[in-house]
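Got the viewer open? Let's take a walk through the charged pairs, one selection at a time.

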Amino acid sequence: MTMATAMGISACGVSLQWTNPNSYSSGKGCKYAGRSVRALPIRILTVGKKRLSGVQLLVDEYIAKLKSYCHVDDVQIRSNPKNARNAMAQVDDEDIAVINLITSNDWVVMLDERGLDLSSEQLAELLGDAGNTAASRLSFCIGGPYGHGQRVRKRANVSIKLSSMVLNHQIALVVLMEQIYR
């Protein structure tokens, strides 16, 4: 069973009963509207070059907005940390750097152009569902220029896409922050 069609997702002791994204509400409201959901701290792991100052300003603004709802950590991981000339070696080095920052109690959402295509409402429900698990933190992983390595792919609880197009890591980060805030 693939991640995209899984009815129950489990990794590293964290289990989430998550249904097909088509079963989520059709945009008429979240299933958690008016209900209390445990807000998990959020960590966003982004592999890439140094951010543009405008992007950093937007990220800081969203973190300030989200502070009322949950704690958000923004972690930047240098792309190609060992200056590898081979793309596969670069992905492997980045993969190790990311996986070393994920704990066994994290609920991991990998952003990938081949991931599940969710609406804003479906993402909100996925976040609410994650809050109902034994996870201690929600970790979003944004890959480098060549994507994610096998360790992160195996560790991810779910893989989602923000667009059918491939997005630069800085643009993906801003879109993700906006969607989390929504």
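Before you click on anything, keep in mind that this is a predicted model. Across the whole structure, a search turns up 9 salt bridges. We'll visit a few of them.

**Stop one: Asp74 and Arg51.** Select these two and show their side chains: they form a salt bridge, with N to O at 2.5 Å. The pair ties together distant parts of the chain, 23 residues apart. Asp74 sits in strand S4 (residues 72-78), while Arg51 belongs to the loop between strand S3 (42-48) and helix H1 (53-66). Now turn on a surface. Is Arg51 buried or exposed? Arg51 has a relative accessible area of 8%, under the 20% cut-off, so it counts as buried. Its partner Asp74 is partly exposed, at 24%.

**Stop two: Lys65 and Glu61.** Slide over to helix H1, which holds both residues, 4 apart, or about one turn of the helix. Their side chains meet in a salt bridge at 3.6 Å, N to O. Both ends are partly exposed: Lys65 has a relative accessible area of 32%, and Glu61 has 44%.

**Stop three: Arg153 and Asp112.** Next, pick this pair, a salt bridge whose closest N and O atoms are 2.9 Å apart. Here again distant parts of the chain are linked: Arg153 is in helix H4 (residues 150-155) and Asp112 in strand S5 (residues 106-117), 41 residues apart. Asp112 is buried, with a relative accessible area of 8%.

**Last stop: widen the selection.** Which residues join Arg153 and Asp112 in a network of salt bridges? Add Glu113 and Arg114 to see the linked group.

Definitions and conventions. Residues numbered from 1 in each chain as written. Predicted model: local features only at pLDDT ≥ 70, side-chain atom pairs only at ≥ 80, totals over all residues. Heavy atoms only, no water. Salt bridge = Lys/Arg side-chain N within 4 Å of Asp/Glu carboxyl O. Helix = DSSP H or I, 4+ residues; strand = E, 2+ residues; numbered from the N terminus. Buried < 20%, exposed > 50% of the residue type's maximum accessible area, 1.4 Å probe, protein only.
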